[in-house]
Amino acid sequence: MKRIAILGSTGSIGQSTLSVIASNPDRFELVTMAAGANVDSALEQARRWKPKVLSLASEQSAEKASKQLKAEGLSHIEVVSGEAGTIRVATHKDVDFVVSAIVGVVGLKATYEAVRAGKAIGLANKECMVAAGELITAEARKQGKPLLPIDSEHNAVHQCLRGGRMSEVERVWLTASGGPFLNTPTADFERITVEQALNHPTWKMGQRITIDSATMMNKGFEVIEACRLFDVPSSQIGVIVHPQSTIHSMVEFNDGSILAQLSVTDMRLPILYALTFPDRVPSDLRFSVLDLKKLDFYPPDFNKFPCLRLAYQAAEAGGSKSIALNAADEIAVAAFLNREIGFTDISKVVEHTINETKHRHPESIEEVLALDAQARELARHKLSHPVSR
Ligand SMILES: NC(=O)c1ccc[n+]([C@@H]2O[C@H](COP(=O)([O-])OP(=O)(O)OC[C@H]3O[C@@H](n4cnc5c(N)ncnc54)[C@H](OP(=O)(O)O)[C@@H]3O)[C@@H](O)[C@H]2O)c1
């Protein structure tokens, strides 16, 4: 029985993880969970799963949830809050495996502490890897514990890498659906609305990652995530647009063989793979090869999607430049969702922030978080000076 903590239980990945646990009650037990602001959904999950610890983002939310659970006779569920609460959920002594699925750098400290506590990690939170991938992977190696990618592309690469040695890898190919604006003329990008950007063609996900998919920043983050997870330079990572999203990624070996992973577009499959690695277990997440009509591939357009170009630059530089990329994007995406800036302003805010950030390699998570705060300040400053945009 694998004993599981979920960071971000109320989100899209968190709910899919609960669904995987529900389908495999003899293999997995939910022990602790952390959510953000969605108290009603967290309460519903707590009633169903009766975790030992439930964490919520704010003290007020935790108080509200705690009162409610006591009134329902569930006072044995310990309710905690804030960063300390999320860390408690991630490092609980009864937990073997932590699913890291909080969105953004707010999930970084708890993920890092889980690695330090020797937990195996199922990693969905890619922003953690963008900001602090070097430190997280170094600590996981020290602990001798796996960092198993849940992101479907890296999960696919992880599966393909089982077909050869790292020294035999020539190129990692990350596939990209291209998002909703693959065929939109560049001239129309200025007029893209929030509603259009939230309408992803193949995946149902949280808001930040959906916008990041529309700008292709998500693919850029994945390039950095792949560099850190598989210890491969960005020059060996290629992005290829594949609108059907059937092939989740590929690995090209030195003899010319290319291994690809195909499956349904359902995050429960990479979650199940991560939770059961190195085994495979039966599931009903089937994909019929007979349904394969057409597989298209195109090179990405770096001019149309400048975020992808910026991410390659940040991947190569690493350290503070990657931190700035993620921090500025988080601020810019939030501003776009609030209708404060336009779609094409997102990359401008990010580029400005990266250029204004001095190149440094942080040596601790505290330093990462300080650099993250500085980059956010720079991005906010850019937002409040629209004339020079
Ligand atoms: N969705 C996908 O298919 C997919 C695929 C690959 C990778 N990912 C990555 O997985 C991560 C999660 O994505 P998602 O789509 O599941 O996002 P989401 O639906 O927006 O969920 C985010 C989760 O984070 C929680 N959260 C936010 N702020 C928090 C805080 N301060 N403290 C504790 N919890 C907090 C949210 O809680 P509340 O809802 O309670 O506020 C929610 O549970 C992201 O890094 C994303 O890039 C997602």
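1. Domain bounds here come from an automatic or database domain assignment. For this protein chain, the assignment gives domain 1 (2-149) and domain 2 (154-388). Their C-alpha centres lie 23 Å apart.

2. A quick word on what you are looking at. This is a predicted model, in which local features need pLDDT of at least 70 and side-chain atom pairs count only at pLDDT 80 or more, while totals for chains, interfaces and linings use all residues. Residues are numbered from 1 along each chain as its sequence is written.

3. Now to where the two domains touch. In contact with 31 residues of domain 2 are 32 residues of domain 1 (contact means that the C-beta atoms of two residues, placed from the backbone, lie within 7 Å). On the domain 1 side, helix 1, helix 5 (108-116), helix 6 and strand 7 (147-149) each supply at least two residues. Helices (H or I, at least four residues) and strands (E, at least two) are DSSP runs, numbered from the N terminus. Helix 6 gives the largest share of that side, 10 residues. By residue class, the domain 1 side divides into 17 nonpolar, 9 polar and 6 charged. For the classes, Ala, Val, Leu, Ile, Met, Phe, Trp, Tyr, Cys and Pro count as nonpolar, Asp, Glu, Lys and Arg as charged, and the others, Gly among them, as polar.

4. Next, the ligand. Of the 29 residues around it, Gly-8, Gly-11, Gly-36, Asn-38 and Gly-206 come nearest (a residue is near a molecule or strand if its C-beta atom, placed from the backbone, lies within 6 Å of it). Two elements give two or more residues to this shell, namely helix 1 (12-23) and helix 6 (126-143). Helix 1 provides the largest share, 3 residues. The shell divides into 15 nonpolar, 11 polar and 3 charged residues. Which domains does the shell draw at least three residues from? Both domain 1 (2-149) and domain 2 (154-388) contribute that many each.

5. Here is the seven-stranded sheet. It is an open sheet of 7 strands in the order 4-3-2-1-5-6-7, with parallel pairing (two strands pair if DSSP finds at least two bridges between them). Strand 4 (78-81) and strand 7 are its edge strands, and each pairs on one side only. Ignoring direction, neighbouring strands are turned by 25 degrees against each other on average. Axes are lines fitted to C-alpha atoms, for helices over the stretch in contact, and angles run from 0 to 180 degrees between N-to-C directions.

6. Some pairings to look up in that sheet. Strand 1 (residues 2-7) and strand 2 (residues 28-34) run parallel and are joined by 6 bridges, with Ala-5 opposite Thr-32 in strand 2. Strand 1 also pairs in the parallel sense with strand 5 (residues 97-100) over 4 bridges, and there Ile-6 stands opposite Val-99. Strand 5 in turn pairs with strand 6 (residues 120-123), again parallel and over 4 bridges; Val-98 stands opposite Ile-121 in strand 6.

7. As for the helices on this sheet, helix 1 packs on it and touches strand 1, strand 2 and strand 5, with its direction at about 160 degrees to that of strand 1. Strand 1, helix 1 and strand 2 make a right-handed β-α-β unit. A crossover is right-handed if, with the strands pointing away from the viewer, the path from the first strand over the helix to the second runs clockwise. Helix 2 (residues 39-49) lies across strand 2 and strand 3 (53-56), running at about 175 degrees to strand 3.

8. Then there is the sheet with mixed pairing. It is open, and its 4 strands come in the order 9-8-10-11. Why is one side of strand 9 (237-241) and of strand 11 (258-262) left without a neighbour? Both stand at the edges with a single partner strand each, so one side of each has no neighbour in the sheet. The twist averages 20 degrees from one strand to the next. Helix 10 (residues 217-230) packs on this sheet, where it touches strand 8 and strand 9, and its direction makes about 150 degrees with that of strand 8.

9. Finally, strand 10 (residues 247-253). It runs antiparallel to strand 8 (residues 169-176), joined by 5 bridges, and Val-251 in strand 10 has Val-172 opposite. Another 5 bridges join strand 10 to strand 11, also antiparallel; Ser-249 has Gln-261 in strand 11 as its bridge partner. Strand 10 and strand 11 form a hairpin with 4 residues between them, and Gly-256 in the turn has a positive phi of about 100 degrees.
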